[in-house]
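Here's a quick briefing on the open and enclosed spaces in this protein, plus the ligand that comes with it. Have the structure open while you read.

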Amino acid sequence: MVAIADADVRAALADIIDPRTGTDIIAQNMVRGLIIKDRNVGFAIEIDPADSEAMEPVRKAAEAAVRALPGVSSVTAVLTAHSSVPGAGQTGDRATPAPQAPGPQAPGPQTPAQRDLVPDVTWIIAIASGKGGVGKSTTAVNLALALAGLGLAVGLLDADIYGPSIPRMLGIKGKPQPLPDKRIAPMENYGIKAMSIGFLVDEETPMIWRGPMVMGALEQMLRDVEWGRLDILVVDMPPGTGDAQLTMAQRVPLAGAVIVSTPQDIALLDARKGLHMFRKVDVPVLGIIENMSTFVCPNCGHQTDIFGHGGARTEAERLGCDFLGEIPLDMAIRVTSDSGQPIVIDQPDSPHAEAYRAIATAIAAKLAGEPVRAAPQIVME
Ligand code: ADP
């Protein structure tokens, strides 16, 4: 197999001219988070959000130029907001990205606290929402699979201890195998590793968890599970912004958080709370995703904005964090995730799978520019 060199990708991208300035996108340092895994290439092009329409042809040209290189089988380029947008940086969001971000294949040094909890995981990211039912788990599962599709080693931890849905969404049955030294083997499907309290107790069992028990279960699922070497561990957080979530955000060494929201105002108000929660504990918010954005009629394909549309984008701009993308309200997304064959796997060529892949690329690109974070001090309440 021909190895794809970083320099070749950059050389190809140096032919892509930014029409606004007449200078190429490499010279302008717009290419971020270049990831090369096997034959797959992903990167982000940083732009001013106001130019997103004008820059779409540039994105397409950049993808085409890299796809033409020998050995390349897939390319995903995404436009991300320039990180010097007003408000960015105040919470640890990257203000000036590293010129050549280390890719997931070159993990940074880890702190003792992190080594202790999950020794070989480069980044842990939280998928969170201000309230339940907005499609957080569906998004977490499809993003985890899309990240794996980029060639990354991915794990998915279901921290939604009150209503674990990952076993069903990943179509995994059975119990995890015990390993020597009281360790547990993670479950696996579709090329990712997964762990959920749902594997250990019956889905129907009502659970009354008190705060310390939740933390105990979560820490066990991090520390005692044989995750092995992972580029990214995606954590499906419990919904809401209460004490349990805050403690969790503090105790897990998170590289960043992604907030899932529906377009309704109420939900956005909740999303804002989620954002502030992570900022409070100094976890960078990687961006907001608008889920159930436009409704696509399964019969005629007509699009309707049931919950309004674009609210999350406007809100993200106002809050100074990135808008990562939108996922429509589509029957196919519900049916596939509820039947254990998420759409990224079941219909990889669909526009919805493409939308998840684009968001996954943006997340990977942002992480590649982030230093690996230390776990904050643990304070027992
Ligand atoms: P949460 O984790 O926020 O509680 P879930 O991911 O469990 O939400 O989703 C709630 C329900 O909505 C599920 O039945 C799921 O299949 C469905 N759903 C989620 N996102 C979409 C979407 N974009 N289009 C259609 N149905 C969706």
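A cavity here is a set of grid points where a 1.4 Å probe fits but cannot get out, whereas a pocket is an open set. By that count, the structure holds two cavities of 30 Å³ or more. Keep in mind that this is a predicted model. The pockets come first, then the ligand, then a cavity.

**Largest pocket**

- You've got about 890 Å³ of space in the largest pocket.
- Its lining runs to 30 residues, and the ones nearest the centre are Leu-79, Arg-313, Phe-323, Leu-324 and Gly-325.
- Five elements each put two or more residues into that lining: α2 (52–67), β5 (74–81), α10 (311–319), β16 (323–330) and α13 (351–368).
- Strand β5 supplies the largest share, with six residues.
- Chemically, the lining of the largest pocket splits into 16 nonpolar, nine charged and five polar residues.
- Why does the largest pocket lie between domain 1 (6–95) and domain 2 (112–367)? Because both domains give residues to its lining.

**Second largest pocket**

- Here the space comes to about 400 Å³.
- The second largest pocket is lined by 27 residues, with Gly-133, Val-134, Gly-135, Thr-138 and Met-292 nearest its centre.
- The elements giving two or more residues to this lining are α4 (136–149), β14 (285–296), β16 and α11 (331–338).
- Which element gives the largest share of the lining of the second largest pocket? That's α11, with five residues.
- By class, you'll find eleven polar, ten nonpolar and six charged residues in the lining of the second largest pocket.
- Strand β16 turns up in both lists of lining elements, for the largest pocket and for the second largest one.

**Ligand surroundings**

- The ligand is surrounded by 18 residues, and the closest are Lys-136, Ser-137, Thr-138, Pro-328 and Asp-338.
- Thr-138 is also among the residues nearest the centre of the second largest pocket.
- Two backbone contacts go to ligand oxygen: a backbone N or O atom of Gly-133 sits 2.9 Å from an oxygen atom of the ligand, and one of Lys-136 sits 2.8 Å from an oxygen atom of the ligand.
- On the nitrogen side, a polar backbone atom of Asp-330 is 3.1 Å from a nitrogen atom of the ligand.
- How much of the ligand's accessible area does the protein cover? On its own the ligand has 560 Å², and the protein covers 83% of that.

**Second largest cavity**

- The second largest cavity holds about 30 Å³ of space.
- Ile-35, Asn-40, Val-41, Gly-42 and Leu-150 line the second largest cavity.
- Strand β4 (residues 40–47) gives the most to this lining, with three residues.
- No charged residues show up in the lining of the second largest cavity, which divides into three nonpolar and two polar.

Methods: Residues numbered from 1 in each chain as written. Predicted model: local features only at pLDDT ≥ 70, side-chain atom pairs only at ≥ 80, totals over all residues. Heavy atoms only, no water. 1 Å grid on protein atoms, 1.4 Å probe; cavity = no way out; pocket = protein on both sides within 12 Å on 5 of 7 lines; lining within 4 Å. Points joined across faces, edges and corners; volume = space filled by probe spheres on them. Helix = DSSP H or I, 4+ residues; strand = E, 2+ residues; numbered from the N terminus. Nonpolar A, V, L, I, M, F, W, Y, C, P; charged D, E, K, R; others polar. Domains from an automatic or database assignment. Near = heavy atom within 4 Å. Polar contact = N/O pair within 3.5 Å; in protein donor to acceptor, adjacent residues only side chain to side chain. Areas by Shrake-Rupley, 256 points an atom, 1.4 Å probe, with all protein chains shown as cover.
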